[in-house]
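Student: I'd like to practise reasoning from values to labels. Could you walk me through this one?

Tutor: Happy to; have a look at it and ask away.

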Amino acid sequence: MTDRAEGTDLPPFETEFARAWDTPGHTRYQLPDTDVNKVLADRYATSEPLTLTRGMLWDMEARKAASPGSYIPYVVRAGSDRSWSRHPGDGGEYLDRCSMQRLWLHPQRYELILERAFLNHDEQKVTFLGVPELAGPGGTLLRAGTGQPLFHVEHAVGGTESQPLNRWRIVHLTDARDQRLTAVFRPMGASPWLAEHTEIYIRDTLGIQLARKPAQGPPR
């Protein structure tokens, strides 16, 4: 899947995500866009002044795509993530990855998740397609866990360079919409804090310490 999809200007992975998103019966959820600098100013104290840019958020998304265990450790079991076969195509980059991830409905359990990803550098968007099988870095066939439906995820950066937005949506390949799954993501959308990966990027990649301020109700 390295050629443009026939009849569309979208790269093939983005075309497949759009098809899955629009398929009746699939379970989809989109988080509200996050104005990261507003949340940072309202909710955090930092060791030095910081204004996040679109370029910084895209750097974070690209790093996270290749190393999810470093940026979403609550979801990914430590030491279980690998990425391989990174190569250019369609104006961006493709890579494959795997990790042991918490199941959405049973977070005490982990299963192997296999994903193929496209990093669209021009649009600053990463598209992950969940797959049931994938050739691993050594050619060995890997098989994903079957404890939950396959899912595709889109991570994107929006807004302006000085006022960037964090964007995220997910679609599960279910036969009928599963409200239990959408219920998992509602608390994420209502959280007053930055996403885990953004906090980690600020602390560990940018080297700036941050602390959450006492709860003060919804951000302004």
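Student: In which helix is the place of Asn37?

Tutor: Asn37 sits in helix 2, which covers residues 36-43. Keep in mind as we go that this is a predicted model.

Student: Why is Asn37 called buried?

Tutor: Its relative accessible area is 14%, and buried means under 20%, so Asn37 earns the label. The side chain of Asn37 also reaches the backbone oxygen of Ser162 at 3.2 Å.

Student: What makes that pair of Asn37 and Ser162 a polar contact?

Tutor: The cut-off for a pair of N or O atoms is 3.5 Å, and the side chain of Asn37 comes to 3.2 Å from the backbone oxygen of Ser162. Setting aside residues up to four places away in sequence, Asn37 touches Thr51, Leu52, Ser162, Gln163 and Pro164.

Student: Val39 has its place in helix 2 as well. How do you know whether Val39 counts as buried or exposed?

Tutor: Val39 has 10% relative accessibility, and the limit for buried is under 20%, so Val39 is buried. With residues up to four places away in sequence left out, Val39 touches Thr34, Tyr44, Pro192, Trp193 and Leu194.

Student: What about His152: why does that residue count as buried?

Tutor: The value for His152 is 4%, and buried means under 20%, so the conclusion follows. His152 lies in strand 10, residues 151-159, and its side chain reaches the backbone nitrogen of Gly130 at 3.0 Å. Beyond its neighbours within four places in sequence, the contacts of His152 include Glu16, Phe17, Phe128 and Arg169.

Student: Let's turn to charges. What makes Glu93 and Arg86 a salt bridge?

Tutor: The closest N and O atoms of Glu93 and Arg86 are 3.1 Å apart, and the cut-off is within 4 Å, so the pair qualifies. Side chains of opposite charge can pair when their charged atoms come close.

Student: And why are Glu93 and Arg86 called partly exposed?

Tutor: Glu93 has a relative accessible area of 21%, while Arg86 has 41%. Partly exposed is what lies between under 20% and over 50%, so the label fits Glu93 and Arg86.

Student: How do you know that Arg97 and Glu115 tie together separate parts of the sequence?

Tutor: They form a salt bridge, with the closest N and O atoms 2.8 Å apart. Arg97 is in strand 5 (residues 92-102) and Glu115 in strand 6 (residues 110-120), so the pair joins parts 18 residues apart in sequence. Arg97 is buried, and so is Glu115.

Student: How many salt bridges does the structure hold?

Tutor: There are 15. Among the residues involved, Glu199, Arg203 and Arg212 are linked in a network.

Student: Why are helix 3 and helix 6 called roughly perpendicular?

Tutor: Helix 3 (residues 54-66) and helix 6 (residues 196-205) pack at an angle of about 100°, their axes being 11 Å apart. Angles of 65 to 115 degrees count as roughly perpendicular, so these two helices get that name.

Student: Which residues meet there, between helix 3 and helix 6?

Tutor: Met56, Asp59, Met60, Glu61, Arg63 and Lys64 in helix 3 meet His197, Thr198, Tyr201 and Thr205 in helix 6. By class, this contact of helix 3 with helix 6 has three nonpolar, three polar and four charged residues.

Note on methods. Residues numbered from 1 in each chain as written. Predicted model: local features only at pLDDT ≥ 70, side-chain atom pairs only at ≥ 80, totals over all residues. Heavy atoms only, no water. Salt bridge = Lys/Arg side-chain N within 4 Å of Asp/Glu carboxyl O. Buried < 20%, exposed > 50% of the residue type's maximum accessible area, 1.4 Å probe, protein only. Helix = DSSP H or I, 4+ residues; strand = E, 2+ residues; numbered from the N terminus. Axes fitted to C-alpha atoms, helices over the stretch in contact; angles between N-to-C directions. Parallel < 35°, antiparallel > 145°, perpendicular 65-115°, else oblique. Contact = heavy atoms within 4.5 Å. Nonpolar A, V, L, I, M, F, W, Y, C, P; charged D, E, K, R; others polar. Polar contact = N/O pair within 3.5 Å; in protein donor to acceptor, adjacent residues only side chain to side chain.
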